[in-house]
Amino acid sequence: SIPLGFFGGIGGASRLGILIKGGNYLEALAAAEVVVFDKTGTLTKGTFKVTEIHPVGISDSDLFELTAHAESYSNHPISQSLKNAFKSEIDNSRIKGVEEIPGYGVKAVVDEKTIYAGNSKLMDKIGAVYSQNKTVGTVVHVTISGIYSGYIVISDEIKEDSASAITRLKAFGINKTVLLTGDAKDVGESVGETLGLDEVYTELLPADKVNKVEKLIAEKSPKGNLIFAGDGINDAPVLSRADVGIAMGGLGSDAAIEAADVVIMNDEPSKIATAIAISKKTLRIVN
Ligand code: ADP
Ligand code: MG
């Protein structure tokens, strides 16, 4: 049976937009020792702005138009951002055979041309030869009918609320905050440095994130718990593997909300600290 005080804790949290799916998770939150974050949509806004277009053998506008069409079916924040940055209407009749390649990018047929759009790992996977200047931001490389056609640089911002999330967690004595991201090394490390995270791991595929979380679970003390917070896009497996999986409910997919133990409705990462504070307080009252 659930101690009566737990209902108060869960109710109080829900009034702040934090849905805790059971008394066991409230208890588990109180023993938080390591807090692991996904980057995109969790610590950053997930709304990328286009900062550079570097076409190869094609015009800027054609590269952008074909990429926006190829990306338009995916609900990944990068795809949504590119689609929104494309000011004209997407013509769905030009698009066929859309395929999501988690951790890499997308594949689609647009105007009968096969398009791949994604990171350098995707280019390596399909054997495309690409070149890239030193840029600050997330790079989306594009091939059209097997020909390397350039790249688009996009850039995301850290959420205003992220800094206080980390400060508050540290104030509770959480001395291991970790960032796991599929994004490039320079992008991930810059976020980690700005926010003062203890560890940063970059260029991870969804399966690498699970392996990393398992390793962090093995390293922590037996009484402590590992909390993972993500937007659920490509990270549903990690959400279920963590002792407590927290999903951002606003941006997150239905699958993430399903896989999560705790859902933060307004996507503010500082609510993670609030949830832990409520759990600690509730357990003090209950015990
Ligand atoms: P994260 O949430 O940690 O940034 P993801 O696994 O969602 O990681 O994506 C990792 C990387 O894979 C992205 O940074 C991007 O380079 C590439 N990628 C994933 N999905 C897409 C997409 N739809 N379009 C372009 N690139 C993508
Ligand atoms: Mg993600």
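**A tour from the whole chain to ligand 1**

In this predicted model, residues 24 or more positions apart make up 57% of the protein chain's contacts with a separation of 6 or more. Begin with the whole chain selected. Its C-alpha trace spans about 70 × 35 × 30 Å along the principal axes. The radius of gyration is 20 Å, which agrees with the value near 19 Å that a compact globule of 287 residues would have. Of the 287 residues, 46% count as buried. Switching to a cartoon view shows 12 helices and 13 strands.

Next, colour the chain by domain. Select 4-45 together with 158-286 for domain 1, and 49-155 for domain 2. The centres of the two domains, taken over C-alpha atoms, are separated by 30 Å. Where they meet, 12 residues of domain 1 are in contact with nine residues of domain 2. On the domain 1 side of this contact, five residues are nonpolar, five polar and two charged.

Now select ligand 1. Where does ligand 1 lie with respect to domain 1 and domain 2? Both domains give residues to the shell around the ligand, so ligand 1 lies between them.

Then display the shell itself. There are 23 residues around ligand 1, and those that come nearest are His76, Asn119, Thr181, Gly182 and Asp183. By character, the shell comprises seven nonpolar, 12 polar and four charged residues.

Finally, highlight the elements that each supply at least two residues of this shell: the helices α3 (39-43) and α5 (77-85), and the strands β5 (105-110), β6 (113-118) and β7 (138-144).

Conventions: Residues numbered from 1 in each chain as written. Chains lettered and ligands numbered in written order. Predicted model: local features only at pLDDT ≥ 70, side-chain atom pairs only at ≥ 80, totals over all residues. Near = placed C-beta within 6 Å. Helix = DSSP H or I, 4+ residues; strand = E, 2+ residues; numbered from the N terminus. Nonpolar A, V, L, I, M, F, W, Y, C, P; charged D, E, K, R; others polar. Domains from an automatic or database assignment. Contact = placed C-beta atoms within 7 Å. Rg over C-alpha atoms; globule rule 2.2 N^0.38 Å. Buried ≥ 20, exposed ≤ 12 C-beta atoms within 10 Å, placed from the backbone.
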